[in-house]
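Here are some notes to read alongside the model. I hope they help as you look through the side chains.

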Amino acid sequence: MSEPKMTPHTQTVLRALLGRSADGERRAAVLADGLYGLELSKMTGLPNGTLFPLLERLRQAGWVERYWEEDDIAEAEGRPRRRFYRLTDKGAEQAPHALAAATVATISSTSARPGLVEGAL
């Protein structure tokens, strides 16, 4: 499948999966272990009907993988298993470049609009 479209929602999810808003230690854990669905929903502010189809598109593009946590972890905490999402090697490599390109495209398109004063952004 082709590269995912870099919508604002896609960018938000990729930043979360890259651990961009976390400290260094947490960032490493996010990259290694991923985030579970509810955690991603809370971090991004996206409703399930937006988040999970987006994650599926990223999975089909080969950027995200999903997996279930171990039964014994969930049982020890007395709750159902969580489904985790993390970036694949391909996603971890390509996502930062795609985010940077999307940021440049956004800045270019807003600064090219008539009536805007340069530097007002």
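The points below go through aromatic rings, charged pairs, a threonine and the nonpolar core.

1. **Ground rules.** This is a predicted model, in which local features need pLDDT of at least 70 and side-chain atom pairs count only at pLDDT 80 or more, while totals for chains, interfaces and linings use all residues. Residues are numbered from 1 along each chain as its sequence is written, and side-chain values use heavy atoms, with hydrogens and water left out.

2. **An edge-to-face pair.** Three aromatic pairs turn up in a search of the whole structure. Rings of Phe, Tyr and Trp (its six-membered ring) are paired if their centres lie within 6.5 Å; planes under 30 degrees apart are stacked, over 60 edge-to-face, and the rest tilted. Tyrosine 36 and phenylalanine 84 are edge-to-face, because their planes stand at 70°, with the ring centres 5.7 Å apart. This pair links distant parts of the chain, 48 residues apart: tyrosine 36 belongs to strand S1 (residues 35–36) and phenylalanine 84 to strand S3 (residues 83–87). Helices (H or I, at least four residues) and strands (E, at least two) are DSSP runs, numbered from the N terminus.

3. **Around tyrosine 36.** What else gathers with tyrosine 36 in an aromatic cluster? Tyr67 and Phe84 join Tyr36 in one cluster. Phenylalanine 84 is buried, at 13% relative accessibility; buried means under 20% relative accessible area, exposed over 50%, and partly exposed in between (1.4 Å probe, protein chains only). The charged end of arginine 82 also sits over the ring of tyrosine 36, 4.0 Å from its centre. For that description, NZ of Lys or CZ of Arg must be within 6 Å of the ring centre and within 35 degrees of the ring normal.

4. **A tilted pair.** Phenylalanine 52 and tyrosine 85 make a tilted aromatic pair, 6.1 Å centre to centre with 55° between the planes. Phenylalanine 52 is in helix H4 (residues 48–60) and tyrosine 85 in strand S3, so the pair ties together parts 33 residues apart in sequence. Tyrosine 85 is buried at 7% relative accessibility, whereas phenylalanine 52 is partly exposed at 29%.

5. **Salt bridges at glutamate 56.** The whole structure holds six salt bridges, each a side-chain nitrogen of Lys or Arg within 4 Å of a carboxyl oxygen of Asp or Glu. Glu56, Arg59 and Arg66 are linked in a network of them. Arginine 59 bridges to glutamate 56 with the closest N and O atoms 2.6 Å apart; both lie in helix H4, three residues apart, about one turn of the helix. Arginine 66 meets glutamate 56 at 2.9 Å, N to O. That second bridge links distant parts of the chain, 10 residues apart, with arginine 66 in strand S2 (residues 64–68) and glutamate 56 in helix H4. Glutamate 56 is partly exposed at 22% relative accessible area, as is arginine 59 at 32% and arginine 66 at 36%.

6. **A bridge from strand to strand.** Arginine 86 and glutamate 65 form a salt bridge of 2.6 Å, N to O. Here arginine 86 comes from strand S3 and glutamate 65 from strand S2, 21 residues apart. Arginine 86 is partly exposed at 22% relative accessibility, and glutamate 65 is partly exposed at 32%.

7. **Threonine 88.** Is threonine 88 buried or exposed? At 16% relative accessibility, threonine 88 counts as buried, and its place is the loop between S3 and helix H6 (89–111). A polar atom of its side chain lies 3.0 Å from the backbone nitrogen of glycine 91. Leaving aside neighbours within four places in sequence, threonine 88 is in contact (heavy atoms within 4.5 Å) with Gly62, Trp63, Val64 and Glu65.

8. **The nonpolar core.** A nonpolar core is a set of buried Ala, Val, Leu, Ile, Met, Phe, Trp, Tyr and Cys residues joined through side-chain atoms within 4.5 Å. The largest has 23 residues, of which Val13, Leu14, Leu17, Leu40 and Trp63 touch the most other members. Helix H1 (8–17), H4, S3 and H6 are the elements that give two or more residues to this core. Beyond its neighbours within four places in sequence, leucine 14 is in contact with Met6, Leu58, Trp63, Leu87, Ala95 and Leu99.

9. **Helix H1 and its end.** The buried residues of H1 are Thr10, Gln11, Val13, Leu14, Ala16 and Leu17. Glycine 19, just after H1, has a positive phi of about 70°.

Key: Polar contact = N/O pair within 3.5 Å; in protein donor to acceptor, adjacent residues only side chain to side chain.
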